Amino acid sequence: MGLFAILRQVALAAGVAAAAVPSSAAARQDHRYAAYREPESGTVLTYPASVFTRADDGTGRFAKFVSADRRSTFYVVGRENDPGQGIAELSAAAEAALAEEKALITYRRRKEDWFVLSGFIGDNIFYRKTVLARRGRTVGTFQINFPSDQKPFYYGIVERMSWSFEPR
C-alpha cells in the first residue's frame with residue numbers, strides 16, 4: 001500500500017475528508033534535502049532542510065526537528081537493541097506509548113524487521129516507522145507529526161523520509 005493510501009485510510013477512519021491525490025510534481029516538491037546521521041548508531045534519514053531545523057529535545061536522547069511554523073515536528077533515534085526485543089514487542093511498546101498520548105491508530109503494518117503505525121494525535125497526523133537492523137542488534141525509529149490540514153504539503157515529504165530511513 002502506498003503512502004497516500006495510508007494517509008487516506010487514516011483520514012477516512014477519523015472521519016476527515018481526504019484531500020485530492022497530489023500530482024507527481026506536488027509530491028516531488030522543490031525542497032532542499034539534507035541527510036541526518038545519528039552519531040551513536042549511524043542511523044540515516046533524509047529530510048527537507050528547507051522545511052525543518054534541528055531543535056533541542058531537552059533530553060539528548062533523540063534528534064528533534066521543527067518546521068518554520070512550529071506546527072510540525074519529527075524525531076529520529078537509533079540505538080542498540082539491548083533487551084533484544086523483536087519487532088512484535090517493539091510494536092506493542094510503541095502502541096502503548098501512543099495510547100498514553102491518546103492517539104487514534106488507524107493504520108498498522110508489520111513485517112519481519114519493521115513496522116509502521118499511523119493515525120491521529122488530536123488534530124495532527126502522525127506517521128511512525130521503526131526498523132530493526134544488523135540482525136536485530138540496532139533499532140531505529142522516526143516519527144513525523146503534522147497538522148491534518150497540511151497533509152497535501154507533507155505527502156511527498158513523508159514518503160521520501162520513509163524510504164530514506166536506514167538504521168545501521
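This is a short walk through one protein model, from its overall layout to a few single residues.

Keep in mind that the model is predicted. Let me start with the whole chain. The secondary structure comes to four helices and nine strands. Along the sequence, the order reads α-α-β-β-β-β-β-α-β-β-β-β-α. So much for the list of elements.

How much of the protein is buried? Of its 168 residues, 49% count as buried. Now contacts. Take those between residues at least 6 apart in sequence: 50% of them join residues at least 24 apart.

Next, strand β8. Residues 124–133 make up this strand. Is β8 largely enclosed or open? Nine of its 10 residues are buried, so the rest of the structure largely encloses β8.

β8 has β7 as one partner. Strand β7 covers residues 114–121, and it pairs with β8 in the antiparallel sense over eight bridges. Here is one pair to find on screen: Leu 117 has Arg 128 in β8 as its bridge partner. The two strands form a hairpin, with two residues between them. Look at Gly 122 there: its phi is positive, near 65°.

Then there is β9. β8 and β9 also run antiparallel, and 10 bridges join them. One position to look at is Val 131, which stands opposite Gly 140 in β9. These two strands form a hairpin as well, with four residues between them. In that turn, Arg 134 has a positive phi of about 50°.

Stay in that loop for a moment. Arg 135 lies between β8 and β9 too. What is the sign of phi at Arg 135? It is positive, about 55°, although Arg 135 is not a glycine. Why point that out? Because most residues other than glycine have a negative phi. Arg 135 is exposed, because its relative accessible area is 83%, and the cut-off for exposed is over 50%.

Another arginine belongs in this part of the talk. Arg 70 sits in the loop between β4, residues 63–67, and β5. Its phi is near 65°, again a positive value in a residue other than glycine. Arg 70 is exposed as well, with a relative accessible area of 62%.

On to the largest pocket. Its volume is about 570 Å³. Which residues lie nearest its centre? They are Arg 61, Phe 62, Tyr 75, Val 77 and Arg 128. We met Arg 128 already, as the bridge partner of Leu 117. In total, 21 residues line the pocket. They divide into 10 nonpolar, six polar and five charged.

Where does the lining come from? The elements that give two or more residues are β5 (73–80), α3 (87–100), β8 and β9 (138–147). β5 gives the most, with five residues.

Last stop: Ser 41. This serine lies in the loop between β1, residues 33–37, and β2, residues 44–48. Is Ser 41 buried or exposed? Buried, because its relative accessibility is 14%, and buried means under 20%. The side chain of Ser 41 makes a polar contact with the side chain of Thr 43, at 2.8 Å. What else does Ser 41 touch, leaving aside neighbours within four places in sequence? It is in contact with Gly 78, Arg 79, Thr 138 and Arg 168.

That is the tour. Questions, please.

Technical notes. Residues numbered from 1 in each chain as written. Predicted model: local features only at pLDDT ≥ 70, side-chain atom pairs only at ≥ 80, totals over all residues. Heavy atoms only, no water. 1 Å grid on protein atoms, 1.4 Å probe; cavity = no way out; pocket = protein on both sides within 12 Å on 5 of 7 lines; lining within 4 Å. Points joined across faces, edges and corners; volume = space filled by probe spheres on them. Nonpolar A, V, L, I, M, F, W, Y, C, P; charged D, E, K, R; others polar. Buried < 20%, exposed > 50% of the residue type's maximum accessible area, 1.4 Å probe, protein only. Pairing = 2+ DSSP bridges. Polar contact = N/O pair within 3.5 Å; in protein donor to acceptor, adjacent residues only side chain to side chain. Contact = heavy atoms within 4.5 Å.
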